[in-house]
Amino acid sequence: MADKKHPDNDASAAGVPDDGTAAAGAAAADAASASEPDSAVADGIEEDELTVQDILDAAEREVAEPTSEHLADLKRVTAEYANYRRRTEANRAIEKERVTGDIVKVLIPVLDDIYRAEKHGDLVPDSAFATIAAKLRSSVERLGLTSFGTVGEPFDPTMHEAIFQQPSAAVDVETVGDVAETGYYLGSTLLRAAKVVVQVPSDG
């Protein structure tokens, strides 16, 4: 019984020459299959590239639904801005009071002259001098200047400067008996203490 031979063996046995055509075809097939993924990858990159509209849409989504990280950043920036505004407003108020104080201090000697003239009866009511004095006092009051130091008020060492002590049986506590120089506040700032004569309690 004759053995069945494989066709390839028959061709080889028949002396058919192998000119490399089959190998070349296989290599071409492999190259084609290898190039297909590269082409697909390239096509995918082009398809996945972001457009300007994609970026704008993402930004709108972030504004509409911010992440917790961005919310934390927003809160931090808001708090820092609020602190900055408070510091700025406080510094502005302090600077305004300082400048106003410098202006008012120049006028205090004039106010002293008016006070002494009034104390000695030289400030005649309805006179030109009295009218000017009233306008000046009104102007500095609008700037926030207030005077203090009147006879009969309790002595306070934080706002009064005692230049003389006078024993008196008429008082039970240290009291302002006379004012030599009026004191002034600008807002809550003490510009000048009042110089006063202090009456102190006396047994005799």
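What volume does the largest pocket have? I started my notebook with that one, keeping in mind that this is a predicted model.

**Entry 1: the pocket**

I looked up the volume and found about 280 Å³ for the largest pocket. Next I wanted to know who sits around the middle. Of the 15 lining residues, Arg137, Glu141, Ser147, Thr182 and Tyr184 are the closest to the pocket's centre. I also sorted the lining by class, and it has seven nonpolar, five polar and three charged residues. Then I asked myself which helices and strands each supply at least two residues of this lining. My list reads α4 (68–119), α5 (128–142) and β1.

**Entry 2: two helices of the lining**

A handy reminder for myself: a pair of packed helices is described by the distance between the axes and the angle between them. For α4 and α5, the axes come within 11 Å and cross at roughly 135°. That makes α4 oblique to α5, because an angle over 145 degrees would be needed for roughly antiparallel. I noted the handedness too: α4 passes α5 in a left-handed crossing.

**Entry 3: the sheet with β1**

β1 sent me on to its sheet. This open sheet has three strands in the order β1-β4-β5, and the pairing is antiparallel. At the edges I found β1 (145–148) and β5 (189–192), each of which pairs on one side only. On average, neighbouring strands here are turned by 30° against each other, direction ignored.

I then followed one pair along. β4, residues 183–186, pairs with β5 in the antiparallel sense over three bridges. Which residue in β5 stands opposite tyrosine 185? I traced across and landed on leucine 190. The hairpin of β4 and β5 has two residues between the strands, and glycine 187 in this hairpin takes a positive phi near 65°.

**Entry 4: the other sheet I looked up**

Here the order is β2-β6-β3, again an open sheet of three strands, with mixed pairing. Which strands are at the edges? They are β2 (160–168) and β3 (175–181), and each pairs on one side only. Neighbouring strands of this sheet are turned by 25° against each other on average, direction ignored.

For β3 and β6 (residues 194–201), I noted antiparallel pairing over five bridges. One spot to find on screen is glutamate 181, which stands opposite lysine 195 in β6. While tracing strands I kept a general rule beside me: side chains in a regular strand alternate between the two faces of the sheet.

Technical notes. Residues are numbered from 1 along each chain as its sequence is written. This is a predicted model: local features need pLDDT of at least 70, side-chain atom pairs count only at pLDDT 80 or more; totals for chains, interfaces and linings use all residues. Side-chain values use heavy atoms; hydrogens and water are left out. Two strands pair if DSSP finds at least two bridges between them. Helices (H or I, at least four residues) and strands (E, at least two) are DSSP runs, numbered from the N terminus. Axes are lines fitted to C-alpha atoms, for helices over the stretch in contact, and angles run from 0 to 180 degrees between N-to-C directions. On a 1 Å grid over the protein atoms alone, a cavity is a set of points where a 1.4 Å probe fits but cannot get out, and a pocket is an open set with protein on both sides within 12 Å along at least five of seven lines; lining residues have an atom within 4 Å of a point. Grid points are joined across faces, edges and corners, and a volume is the space filled by probe spheres set on the points. Ala, Val, Leu, Ile, Met, Phe, Trp, Tyr, Cys and Pro count as nonpolar, Asp, Glu, Lys and Arg as charged, and the others, Gly among them, as polar. Angles under 35 degrees count as roughly parallel, over 145 as roughly antiparallel, 65 to 115 as roughly perpendicular and the rest as oblique. A crossing is left-handed if the near helix is turned anticlockwise from the far one by less than a right angle, and right-handed if clockwise.
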